[in-house]
Amino acid sequence: MPIHPDVTARFHYLDGLTSMRAAYSDPVLIQQIRQFETWDAAEAPPVVDTRSESAPGPHGPVPVRIYTPVEHLPAGAPCLVWLHGGGFIGGDLDMHEGDWTAREVCAAAGAVVVSVDYRLAVGGVCYPVPHDDTVAAVTWVRDRAEDLGVDPSRITIGGASAGGNLAAGAALRLRDRDGWAPAALALVYPALHVRVPSPSASLAAALADLPPLFREPAGKGNPLHENYLGGPLSSADGYAFPANAILDGLSPTLVLNAEYDHLRASGEAFAAAVALAGADVRQVTIRGMLHGFLNLPAEVEPVRRCLDLIAETVTRGGL
């Protein structure tokens, strides 16, 4: 289907932008992206209870924000550990992709949502620091499940874009280190390949309709990924970019791709690899949407569908 008209009406905010890394690194240019992403929702996201805590990690405490339903939380509630996106160099707990998503899933699934404020790959920070922060936060949730009112067998790890990378990488690390797996993975427009696979003919045609900012070259150098790794793309292991990993024993995995997104090729290829490894996987294309669509309000119907799919996965603890 065509790009959602509410999205195309905002393309003028991106005039002159050609590089996501340059935009995120420039305090003036980033405001253009923020304007593009900042929508005045007709209805505010659900009201839920929130509190701040921190998980111990190898690089220092990892701040987390815990969301719980306003109503009484029954014992053994499901849980989502959520990682926002931002190309490993941007994003925070307050961005819509972080806060709105957490609130919507918390209310819809009757779940505890733990949103992780992992360290960004800026100021000399690089892999494995954000990955280690994510593993530490998931471990903290798992080990404190009873205190959080969470059933440890109903913990889902999820994330968007760079956060989807970190979610999958943490699941792989915990599989290998502890022999533990979450109930499910929920990966939204994830960055899973160090070199994004070449798009199909249909995807390439769709990408031609996008502003230059969103037309990333496939199969070539990727400055955001190089920055995250702190070195060449060839240095990436399977925890840094999960498409490089052996995927046997991975949890049931939901992959939600945006129709108009060069990373759709990564999500689709990863879903196929998970299936070949023998794990349960479901891949859904969210029609009419661009990368980063969880920054839009849930009243935009494709966004609501994505949130519902995440909430259903969290509630069921699987696909």
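The residues that line the largest pocket of this predicted model divide into 21 nonpolar, twelve polar and six charged. The space in this pocket comes to about 550 Å³. Its lining counts 39 residues, and those closest to the centre of the pocket are Met20, Tyr24, Ser161, Leu224 and His291. Two or more lining residues are given by each of helix 2 (20–25), helix 3 (29–37), helix 9 (223–229) and strand 8 (281–290). Helix 3 supplies the largest share, with four residues.

One of the residues closest to the centre of the largest pocket, Ser161, deserves a second look. Ser161 sits in the loop between strand 5 (150–160) and helix 7 (162–178). The phi angle of Ser161 is near 60°, a positive value in a residue other than glycine. Is Ser161 buried or exposed? With a relative accessible area of 8%, Ser161 is buried, since buried means under 20%.

The second largest pocket holds about 180 Å³ of space. Its lining is made of 18 residues, and nearest the centre lie Glu43, Glu104, Ala298, Glu299 and Arg304. The elements that contribute two or more residues to this lining are helix 4 (96–109) and helix 11 (301–316). Of these, helix 4 gives the largest share, which is four residues. Sorted by class, the lining of the second largest pocket has twelve nonpolar, two polar and four charged residues.

Attention now turns to the sheet. Eight strands make up an open sheet with mixed pairing, and their order is 1-2-4-3-5-6-7-8. Which strands stand at the edges? Strand 1 (49–55) and strand 8 do, and each has a single partner strand, so one side of each is left without a neighbour in the sheet. From one strand to the next, the twist averages 20°.

The sheet can be followed pair by pair, beginning at the edge formed by strand 1. Strand 1 pairs with strand 2 (residues 62–68) in the antiparallel sense, over seven bridges. Within this pair, Val62 in strand 2 stands opposite Ala55. Six residues separate strand 1 from strand 2, and the two strands form a hairpin. In the turn of this hairpin, Gly60 has a positive phi of about 110°.

Further along the order, strand 3 and strand 5 run parallel and are joined by six bridges. Leu83 has Gly159 of strand 5 as its bridge partner. Strand 5 also runs parallel to strand 6 (residues 184–188), with five bridges between them. Here Thr156 finds its bridge partner in strand 6, namely Ala184. At the other edge, strand 8 pairs with strand 7 (residues 253–260) in the parallel sense over seven bridges, and Val255 has Gln283 of strand 8 as its bridge partner. Strand 8 thus appears in two settings: it stands at an edge of the sheet, and it is among the elements that give two or more residues to the lining of the largest pocket.

Among the helices, helix 5 (residues 129–143) offers a clear example. Helix 5 has 15 residues and reaches 21 Å from its first C-alpha to its last, close to the 21 Å expected at 1.5 Å a residue. Why is helix 5 largely enclosed by the rest of the structure? The reason is that 14 of its 15 residues are buried.

Several loop residues complete the picture. Pro128 is found in the loop between strand 4 (112–116) and helix 5. The peptide bond that joins Tyr127 and Pro128 is cis, with omega at about 15°. Phe88 lies in another loop, the one between strand 3 (77–83) and helix 4. What is the phi of Phe88? It is near 70°, a positive value in a residue other than glycine. Phe88 is buried, with a relative accessible area of 1%.

Leu263 has its place in the loop between strand 7 and helix 10 (264–276). This leucine is buried as well, at a relative accessible area of 7%. Along the chain, Leu263 and Leu229 are 34 residues apart, and 18 Å separates their C-alpha atoms.

How values were computed:
Residues numbered from 1 in each chain as written. Predicted model: local features only at pLDDT ≥ 70, side-chain atom pairs only at ≥ 80, totals over all residues. Heavy atoms only, no water. 1 Å grid on protein atoms, 1.4 Å probe; cavity = no way out; pocket = protein on both sides within 12 Å on 5 of 7 lines; lining within 4 Å. Points joined across faces, edges and corners; volume = space filled by probe spheres on them. Nonpolar A, V, L, I, M, F, W, Y, C, P; charged D, E, K, R; others polar. Expected span 1.5 Å × (residues − 1). Buried < 20%, exposed > 50% of the residue type's maximum accessible area, 1.4 Å probe, protein only. Pairing = 2+ DSSP bridges. Axes fitted to C-alpha atoms, helices over the stretch in contact; angles between N-to-C directions.
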